[in-house]
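Here are some short exercises for you to work through with the structure open beside you. Try each task before reading its solution.

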Amino acid sequence: MDNIAITKSTTLKEKYKDPSELVFGRRFTDHMLQMDFDPENGWHDMRIEPYAPVPMDPASSVLHYGQAIFEGMKAYKSPEGEILLFRPEENFMRLNSSAKRLSIPEIDVEQALFGLNELLKIEKDWIPAARGTSLYIRPFIVATDPFIGLRASQLYKFMIILSPVGMYYAEGFNPIKIFVEDEYVRAVRGGTGFTKAAGNYAGSLYAEVIAKKKGYAQVLWLDALENRYCEEVGSMNIFFVIGDELITPMLSGSILPGITRKSVIQLAQDLGYRVSERMIGIDEVYEAHAGGQLKEIFGTGTAAVISPVGLLDWDGRVITVNDMKTGPVTKLLYDKLTGIQYGDLPDKFGWVVKVQ
Ligand SMILES: *Cc1c(COP(=O)(O)O)cnc(C)c1O
């Protein structure tokens, strides 16, 4: 299992000069990882090669029927210069849960972790050290069968590419404005909402574009049956601080089970907060605001980490949260989580994995 062919690039790219100039997802490192699947050999031929376009048959299934899934994780540089990953096995396990739902053959988690480790060793100089910056890791699988009959593809490609990143939102750690979407829906029970399937995002872009034009950073999706219960934000799970309790929508099948979400629940409970995973209607959020009990809202996700929400617009009714300022609970959880991720705070939950 633990062998991997490595072809080093002979022409290395110019790296960023100032990490504060890094934007999200625009630049990629010198190498990428690939592995192929066919029914005879299973997943095989894991290799690291120079970053380059991937030749593809125009009939490839992914281009027609969209069998594509991905993951998002980050590598951080510790003050001692070590490379740290945050719960990486969770990402590959979730990739497999997405794979299963999309009829894509599952990968070997240990092998994927090994391959990622080798890729990161080669690209370690690309990992920025400044707080708020990191090396974003994008594993993905696409269907490559050159066949346009409608069926699950027989051939697949697994890849990992890497991108040095800064803050996800232009707002930085300042609160974002969110549009509560009550016309279009992202996912429905029984569908693929719990997976990182490419199609989920394609279907969500239209509402996001409209919201952006109106000046909102993202939309808050409501449930598809009643258009009432909060689900999540574009690429983040959502938390409400109401009174002294943290509330986040329970995992229902249509919500992405975020690893940041899961970690924040554990961190908050450890800090003594009461955390509820339950259905929460947007009407309940507005009532809590009217009663002065809605203290904070924040989103959680690997890309955006913990992102304060300062304003909601639901059907023209605009409310601001904590005067459009980052609240104390959001700040505390952000500090604790990033402290662990960057190796500044002790990792008492055993979440951090060193690349070596
Ligand atoms: C990736 C993602 C999240 C966050 O998941 P993490 O594991 O915390 O990065 C939340 N919602 C959606 C729709 C996502 O794609």
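**Exercise 1: two domains and their interface**

Across the interface, 21 residues of domain 1 are in contact with 24 residues of domain 2 (contact means heavy atoms within 4.5 Å). This is a predicted model, in which local features need pLDDT of at least 70, side-chain atom pairs count only at pLDDT 80 or more, and totals for chains, interfaces and linings use all residues. Residues are numbered from 1 along each chain as its sequence is written, and side-chain values use heavy atoms, with hydrogens and water left out.

Task: find the bounds of domain 1 and domain 2, then describe what they bury between them.

Solution, step by step:

1. The domain assignment, which is automatic or from a database, gives domain 1 (5-165) and domain 2 (176-341).
2. Taken over C-alpha atoms, the centres of domain 1 and domain 2 are 27 Å apart.
3. The size of an interface is often given as the accessible area lost when the parts come together.
4. Here, domain 1 and domain 2 bury about 1900 Å², with 58% of it on carbon and sulfur atoms; this is the accessible area (1.4 Å probe) lost by two parts on being put together, summed over both.
5. The rule finds one salt bridge across this interface, a salt bridge being a side-chain nitrogen of Lys or Arg within 4 Å of a carboxyl oxygen of Asp or Glu.

**Exercise 2: the second largest cavity**

Task: work out where the second largest cavity lies relative to domain 1 and domain 2.

Solution, step by step:

1. On a 1 Å grid over the protein atoms alone, a cavity is a set of points where a 1.4 Å probe fits but cannot get out, a pocket is an open set with protein on both sides within 12 Å along at least five of seven lines, and lining residues have an atom within 4 Å of a point.
2. The second largest cavity has a volume of about 100 Å³, the space filled by probe spheres set on points joined across faces, edges and corners.
3. Its lining includes Lys 74, Tyr 76, Phe 86, Ile 259 and Gln 341.
4. Strand β5 gives the largest share of that lining, three residues; strands (E, at least two residues) and helices (H or I, at least four) are DSSP runs numbered from the N terminus.
5. Both domain 1 and domain 2 give residues to the lining, so the cavity lies between them.

**Exercise 3: the largest pocket**

Task: which helix gives the most to the lining of the largest pocket?

Solution, step by step:

1. The largest pocket has a volume of about 700 Å³.
2. Of its 37 lining residues, Arg 138, Tyr 168, Tyr 201, Gly 234 and Ser 235 are the closest to its centre.
3. The answer is α4, with six residues.
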